[in-house]
Amino acid sequence: MTSRINIKRGTDTARTDGTLGTPSVGEPIFTTDQKTLFIGDGSTAGGVPATKPASVCQLIALTSQNINASTTNLVNWSGCFPNYGVDLSHTTGDPTKLTINTTGTYAITGSVVYTSTGVRYNGFLDVLLNGVAIGPQSACGYTRNASGHNHGSLHIPIFLYPCTATNYLQLQVTRESSVTVAADTIARRCILMAYRVA
């Protein structure tokens, strides 16, 4: 007769909504839909990730957008790849927002690639939490349109930030107020990504 050891298991939703409870220290939980292992720490409902982030959402701008239309510009997102877990969500109701569904600590990063027809463009990039800048700001994205040098990029390195359920993230481009010419993002080259780490 073969011996078998079964561990606590269920969907990721059952893990996070309290159905599977709070596992004791070292007790494993396996999510049957996400194929992810969590380990209990004795206090976190549903356990903590053992192998990969509990949730990942990477928003992509599939079309270009003018990011020089006003003093501040929020990037619109049209695609979400990859996207797994229940801690993050993106809806078309407000395409600028990435919503936090579960309180926790998240790793966040963002990037914008653009082209400008103006003589020069000088932009900065921020991640916003509920409309307020958090984390590091990108370095200056100065571009001088001369001899075909009309492309630039803005990047925010990965940083950790504690977020509360119902918070939302946005990516904002700020530009010099004296510049009025178009600066457009390049399709499929702009991202906002977050994943839950704790």
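Two strands are taken to pair when DSSP finds at least two bridges between them, and I begin there because strand S10 and strand S17, residues 183–185, meet that definition with 3 bridges in the antiparallel sense. What we have in front of us is a predicted model, so please hear everything that follows as computed from that prediction.

Let me stay with strand S10, residues 104–116, for a moment. Within its pairing with S17, the bridge partner of Thr115 is Asp184. S10 is also joined to S15 by 11 bridges, again antiparallel, and in that pairing Tyr114 stands opposite Gly152. With S18 there are 6 bridges, and the sense is antiparallel there too; Ser111 of S10 stands opposite Ile191 in S18. Is S10 buried or exposed, taken residue by residue? Of its 13 residues, 11 are buried, so S10 is largely enclosed by the rest of the structure.

That leads to the nonpolar cores. The largest of them has 30 residues, and Ile108, Leu169 and Leu171 are the ones with the most contacts inside it. Two or more residues of this core come from each of strands S5 (56–60), S9 (98–100), S10 (104–116), S12 (123–129), S15 (151–163), S16 (168–175) and S18 (191–196). Apart from this core lies another, of 5 residues, which include Ala14, Leu20, Ile29 and Ala54.

Now to a sheet that I can describe in full order. It is open, it is built from 4 strands in the order S1-S2-S3-S4, and its pairing is mixed. Strand S1, residues 8–10, and strand S4, residues 48–49, stand at the edges with a single partner strand each, so that one side of each has no neighbour in the sheet. Further in, strand S2, residues 28–31, and strand S3, residues 36–39, run antiparallel and are joined by 4 bridges, with Phe30 standing opposite Leu37 in S3. As a general reminder, the strands of a sheet pair through backbone hydrogen bonds, in either the parallel or the antiparallel sense.

Two backbone angles deserve a careful look, given that most residues other than glycine have a negative phi. The loop between S12 and strand S13, residues 132–134, holds Asn130, whose phi is positive, at about 55°, although the residue is not a glycine. Asn130 is partly exposed, with a relative accessible area of 34%. In the loop between S15 and S16 we find Thr166, which is likewise not a glycine and has a positive phi near 80°; at 65% relative accessibility, Thr166 counts as exposed.

Finally, the chain as a whole. There are 18 strands and 1 helix, and the C-alpha trace spans about 75 × 30 × 30 Å along its principal axes. The chain has 198 residues, of which 42% count as buried, and it exposes about 9,700 Å², with carbon and sulfur atoms supplying 54% of that area. If we take the contacts between residues at least 6 apart in sequence, 63% of them join residues at least 24 apart. On the charged side chains, 13 are positive and 10 are negative, and the centres of the two sets lie 6 Å apart.

Terms used: Residues numbered from 1 in each chain as written. Predicted model: local features only at pLDDT ≥ 70, side-chain atom pairs only at ≥ 80, totals over all residues. Heavy atoms only, no water. Buried < 20%, exposed > 50% of the residue type's maximum accessible area, 1.4 Å probe, protein only. Contact = heavy atoms within 4.5 Å. Areas by Shrake-Rupley, 256 points an atom, 1.4 Å probe, with all protein chains shown as cover. Lys, Arg positive; Asp, Glu negative; His and termini not counted. Charge placed at Lys NZ, Arg CZ, Asp CG, Glu CD. Core = buried A, V, L, I, M, F, W, Y, C linked by side-chain atoms within 4.5 Å.
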